[in-house]
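Trainee: I have a new structure open and would like to understand the words people use for it. Could we go through some of them together?

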Amino acid sequence: MFQFTEEQLAIQEITQKYAQSSIKALADEIDKTGRYPKENIQGLVDIGIMQLSIPEEYGGTGMDDEISKALAVSEVAKCCASTAEILDVHYLSADILMRKGTPEQKAQYLPQAAEGKLGGFALTEPGAGSDAGGLKTRAVKDGDDYILNGTKCFISNLGPEEGNHFVVVAVTEPGIGTKGTTAFLVDRSMAGVSCGKTEDKMGIRGAAVSELVLEDVRVPKTAVLGQLGEGFKIAMMGLDGGRIGIASQACGVAFGAIEEAVKYSGERVQFGKPIHANQGIQWYLADMATRAEAAWLLTLKAASLRQQGLPCTTAAAMAKWYAAEAACFCCDLALQIHGGYGYMKDYAIERMYRDARILRIYEGTSEVQKMVISRNVIGK
Ligand SMILES: Cc1cc2nc3c(=O)[nH]c(=O)nc-3n(C[C@H](O)[C@H](O)[C@H](O)COP(=O)(O)OP(=O)(O)OC[C@H]3O[C@@H](n4cnc5c(N)ncnc54)[C@H](O)[C@@H]3O)c2cc1C
């Protein structure tokens, strides 16, 4: 059993209070319009959550704690998966900057991130999804600079209004695979950087996903994150944390779906009694609650390992895979418990069901998580 510290419980409480009182009320409208929920992001800045892990010297809250981040993301996700996605990707980008940024990079970008200017992570390309080793975006040395060319697709926290800075992984030495890639910190305002197609998505409609187009973008060599040739390694290190974030988001979605199912099944009367008086419905609820709890424990375990600086790649993959599947399972049964009404947009579960589906795809599909886990099981 995990014992949370007083500080962690305070983070959970403050996030829960804000999410339940403000974020929840906007979730439906954000889904319908697909707009950027800027008031949610400002609200999360106001309560110190957007900048939770950023050191105080850069304007952050100074709580670099993986468990607190998991608690914050899951509380937001219970109410709005879109806002949780924005928060999670922002954490991922800040985490890479804190671990790999130079003092100058941190001094420039962490205060902006602390103010709620969104950070992103740009790895995926049209020809390189699960196989991130197939990147084509090039960074060519030119004097003291690099010139970047390429298109990243499906980039979260990039939209017409949102997206300030991005960790971009590009090929610096072709022909030697992932060891020939380097990570760069790219500012949205740089000449040649643009937001291409913004996707029209099935779910998490308030969390923009767009193409990041790089056309002859000249960046100084000081924009390199970490060392030359470390791009893929940095991306995988960042994804360890990112996957714990998605697992946290998935747990929040699962718990939120259970809340909706419990409420509805207590109110809906058929055959002269609430539907939750039937063992069939009770067993659905038991199944959902147990899977959500198992997912949460795996997530907390992975977060705890990462917090201690211990290897966490397998634990993060297990948490991400299991929690994503559990969230989809819970949303599906919660919708079933709502009957025909669950299929209608009048009920939150219709949105939650669509929102949940992405959890099995981004930051590595369920199949990719199983590849990571099985490598460890086989001992390769
Ligand atoms: C809403 C959204 C937000 C995203 N945000 C970001 C972001 O911020 N930054 C970023 O870099 N990327 C982002 N992505 C990209 C995301 O991580 C990729 O979509 C994902 O990794 C899968 O890549 P793909 O879509 O190209 O699918 P593919 O790699 O083409 O996979 C297609 C199918 O084949 C399966 N498959 C592939 N290879 C194997 C294999 N070896 N064995 C078994 N099955 C396999 C996959 O599991 C999947 O089911 C986002 C995607 C979406 C949809």
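Mentor: Happily! Keep in mind that this is a predicted model. Let's begin with Lys179, which sits in the loop between β4 (165–171) and β5 (181–187).

Trainee: Why is Lys179 called partly exposed?

Mentor: Lys179 has 14 other C-beta atoms within 10 Å. A buried residue needs 20 or more, and an exposed one has 12 or fewer. The count of 14 falls in between, so Lys179 is partly exposed.

Trainee: Which residue is 50 places from Lys179 along the chain, with its C-alpha atom 5.1 Å away?

Mentor: That is Gly229.

Trainee: What makes a residue part of the largest nonpolar core?

Mentor: Such a residue is buried, is of a listed nonpolar type, and is joined to the set through C-beta atoms within 7 Å. Here the largest core has 126 residues, and Phe184, Ala250, Ala254, Ala327 and Cys331 have the most contacts inside it. Helix α8 (residues 313–337) gives the largest share of this core, 18 residues.

Trainee: How do you know that Phe184 is in contact with residues beyond its neighbours within four places in sequence?

Mentor: Contact requires C-beta atoms within 7 Å. Phe184 is in contact with Ala139, Tyr146 and Leu148, among others, and also with Val219 and Leu225.

Trainee: What surrounds the ligand?

Mentor: A shell of 21 residues, the closest being Gly129, Ser130, Ser156, Thr365 and Glu367. The shell divides into 11 nonpolar, seven polar and three charged residues. Domain 2 (120–231) and domain 3 (232–378) each supply at least three of its residues.

Key:
Residues are numbered from 1 along each chain as its sequence is written. This is a predicted model: local features need pLDDT of at least 70, side-chain atom pairs count only at pLDDT 80 or more; totals for chains, interfaces and linings use all residues. A residue is near a molecule or strand if its C-beta atom, placed from the backbone, lies within 6 Å of it. Ala, Val, Leu, Ile, Met, Phe, Trp, Tyr, Cys and Pro count as nonpolar, Asp, Glu, Lys and Arg as charged, and the others, Gly among them, as polar. Domain bounds come from an automatic or database domain assignment. Helices (H or I, at least four residues) and strands (E, at least two) are DSSP runs, numbered from the N terminus. Two residues are in contact if their C-beta atoms, placed from the backbone, lie within 7 Å.
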